[in-house]
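Visitor: I am new to this structure and should like a close look at a single part of it. Please choose one residue as a starting point, describe its setting with care, and then lead me from there through the rest.

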Amino acid sequence: MMGRLGTVLVLDFGGQYCHLIARRVREQGVYSEIVPCDISPDDVEKMNEKFNVKGMILSGGPSSVYEEDAPKIDPKILDLGIPLLGLCYGHQLIAYILGGKVLKGTRREYGTTYITIVKPVGVLKGLGPKEKVWMSHSDTVYSLPDGFEVLAYSEACPVAAYRDVNRSIYGLQWHPEVTHTEHGVEMLRNFIFEVCGCQPGWSPSSVVEDEIRKTVGEGKAVIALSGGIDSSTAAVLAARALGKNLTAVFVDHGFMRKGEGEYVKRTFEEMGVNVLVVNAQERFMKRLKGVTDPEEKRRIIGREFIKVFEEIAEKVGSEYLIQGTIYPDRIESGFRRRSEKIKSHHNVAGLPTRIKFKAIIEPLRDLYKDEVREVARKLGLPEEIVCRQPFPGPGLAVRVVGEVTPEKVEIVRKADRIVAEEIERGGLKDELWQYFAVLTGVKSTGVKGDSRAYGDVIAVRIVESREAMTASFAKVPYEVLERISTRITNEIPEVTRVVYDITHKPPATIEWE
Ligand code: XMP
C-alpha cells in the first residue's frame, strides 16, 4: 500500500507551489498526493482506506476568499478529525470559514519577511523567536475564530500563524515549501511527524513489482518502449515482475536517431527485457506522403503508431497493457488540465488503444520525474538512458519542416548526429536540455569547391530548460558552433548553410513543428 505509514493530501487551490508542497512531503519519506480542493469528505474517507490519510495541507492560490467564484472547501472537511495545515490562501480560507475576519488587499507582503513567533508549538515547535519566511499575499487574517490563538505575527500581518487550541488545525500565511523560508522544512516536518504522526519510510522505489505480479499473474503483458526514461523504467520494472511474459515493443517508425533501434534492443535485452523491434518504416512514410501540416503529421504518426502497436499486442496475445505514465501526466490530464493546447503531443506513455485489455497498469503513476530517475538508477539502467535528452514521439519527422521524405530524414539524421557528437565532445551535454538539428525546408545559395551550389539550410537548436515549459537558447561557445557548422557542410553534401536558432521559449517552442 502506497501510504501504509501515513499519507498527506495536498488540496489544490491552484497555487504555483502546489506540486512543491507534495514534493517536500515526499522528500521526508512520507507519501503525498494532490487532490482537487473541493474533494468531498466521502472521497477523503475513501482515500483514507487506501492511503491512510493522516493529514491535509491546503495549498495557496491566486484567489481572495471574497471573490464570488473563489475555490472553497466543503466545511465538513474540517470536522473529519484529520489534522489540517492551511498555507497562504488555505490559511485565510480556514479562518474565514470558521468565522474569523480576513482583511482585503490592503497590506500586501511579497518576498522575504521576518515573523515573530509568540508561541513555538505544533508546526512552529523548536523555532526561534524571529524567523525568515517567504510571503506572497495581499489579503490578511486579522481576527480569529473562537477557540483559535495566534502563534506568530509580522509587521503587516497580525495573524501570520494560528492554531485551533482544541483541534490539530494550523495556518501559516507564508510558504514553508519554498527554500526562501529558512526553516520551512522544519515547519513541514513538525506538521507531518509531530502533528499528524506520520512515520517516514516511503520511497519512490517502494513501488510495485509486487503489484504488477499480483495483477498479471500468469498472464501476458505488453508495453510500448521508446527508450525514453519513463517507458524504459516501466519496462524494466515490469520485466522483473513478469520475465518473458512481458513483451516490450519498440516501433521503429523510421524517424529515430542514428543507431537508436539497435541501442535500445541491445541495452534492454542485457537487462532481461524481452524486446520486439518492429520495422514499420515504409508504412509510416507512405502515410505521410504529400502531408506538410505539422499537426496533421503528428496526428498521422500517432494514429499509425497505435495501429502497429495494437497489431503486435494482438499477435502476442497480451491481456495486460503496461504504460509509463508518470504523476504529472496524470495530474495535468485530469483536474489540472490546462485549456491551452500549443501542439498535440504524441506520447508513448499515455497510449489510447481500442484493444480491450483486462487491465492497464501504470507502475510509475505516482512518481515525479526525478523520482523515476531514482528508481531507474536503482534498477541499474545505464546513465545514458537515465539522463537522456527528451526526444519527441514523432521523432525526426517533426524536425523536417514540410513534407517528409526518406532523403530528408537521412539529412537531418546525419546533422543531428554531428550536433550531438560535438556537444558531447565539448563537454556541454550535462548543462543542456536538448540539442538537435532541423531541416528548415529553405534552400540557399552557397559555394562548394569552385562552383555555386544551391542547397539545404540546417538550423541548429540547443536549449537550456528545467521542465520544458520555458527554455532559453544556449550560449554555447562559438568554437563548438563553428565545428558543428563546418562538419555539417563538409559531411552532408546537400547542405550549403547552417544557422543557429537564437529564440527563447516562449515565444518559440523548443521543436520547430
Ligand atoms: P515544445 O516543442 O512544445 O516541446 O516546446 C516541449 C518538450 O516536449 C518534447 N516534445 C514531445 N515529447 N511527444 C513527446 O513525448 C511529442 O509529440 C513531443 N513533441 C515535443 C520536446 O522535445 C521538448 O522537450
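Guide: A residue is called buried if its relative accessible area is under 20%, exposed if it is over 50%, and partly exposed in between, with a 1.4 Å probe and protein chains only. By that rule Val-419 is buried, for its relative accessible area is 0%. This is a predicted model, in which local features need pLDDT of at least 70 and side-chain atom pairs count only at pLDDT 80 or more, while totals for chains, interfaces and linings use all residues. Residues are numbered from 1 along each chain as its sequence is written, and side-chain values use heavy atoms, with hydrogens and water left out.

Val-419 belongs to helix H13, which covers residues 406–425. Helices (H or I, at least four residues) and strands (E, at least two) are DSSP runs, numbered from the N terminus. If neighbours within four places in sequence are set aside, the contacts of Val-419 are Tyr-435, Phe-436, Ala-437, Val-460, Ile-484 and Ile-488; a contact means heavy atoms within 4.5 Å. One of these partners, Ala-437, stands 18 residues away along the chain, and its C-alpha atom is 6.9 Å from that of Val-419.

The setting of Val-419 may now be placed within the whole chain. The chain has 513 residues, of which 54% count as buried, and it contains 14 helices and 20 strands. Its C-alpha trace spans about 85 × 55 × 40 Å along the principal axes. Of the contacts between residues at least 6 apart in sequence, 76% join residues at least 24 apart.

Helix H5 offers a further view of burial. Within H5 (residues 209–216), the buried residues are Glu-209, Ile-212 and Val-216. Viewed down the helix axis, these buried residues fall within an arc of 65°, so they line one face of H5; the arc is that of the directions from the helix axis to the C-beta atoms. They pack against helix H6 (229–242) and two strands, E15 (320–322) and E16 (359–361). On the face turned away from that buried side are the exposed residues Asp-210, Glu-211 and Lys-214. Gly-217 follows H5 and has a positive phi, near 55°.

Aromatic rings come next. The structure holds nine aromatic pairs, where rings of Phe, Tyr and Trp (its six-membered ring) pair if their centres lie within 6.5 Å, and planes under 30 degrees apart count as stacked, over 60 as edge-to-face and the rest as tilted. In the pair of Tyr-31 and Trp-202, the ring centres are 5.4 Å apart and the planes meet at 50°, so this pair is tilted. Tyr-31 is in strand E2 (residues 31–36) and Trp-202 in the loop between helix H4 (184–195) and H5, so the pair ties together parts that are 171 residues apart in sequence. Tyr-31 and Trp-202 are both buried, and ring pairs link them with Phe-51 into a cluster.

Some residues stand out by their backbone angles. Asn-52, in the loop between helix H2 (41–51) and strand E3 (53–58), has a positive phi near 55° although it is not glycine. Asn-52 is partly exposed, with a relative accessible area of 22%. Cys-88 also has a positive phi near 55° in a residue other than glycine; it lies in the loop between strand E4 (84–87) and H3 and is buried, at 5% relative accessible area.

Cys-88 leads to a pocket. The second largest pocket has a volume of about 380 Å³. On a 1 Å grid over the protein atoms alone, a pocket is an open set of points where a 1.4 Å probe fits, with protein on both sides within 12 Å along at least five of seven lines, and lining residues have an atom within 4 Å of a point. Of its 26 lining residues, the closest to the centre are Gly-61, Pro-62, Cys-88, Ser-136 and His-137. Helices H1 (18–27) and H3 (89–97) and strands E6 (109–117) and E7 (130–137) each give two or more residues to this lining.

The final stop is the segment after strand E20 (495–500), where Pro-506 is placed. The peptide bond from Lys-505 to Pro-506 is cis, with omega near -15°. Another cis peptide bond joins Pro-506 and Pro-507, with omega about 10°.

Methods
Points joined across faces, edges and corners; volume = space filled by probe spheres on them.
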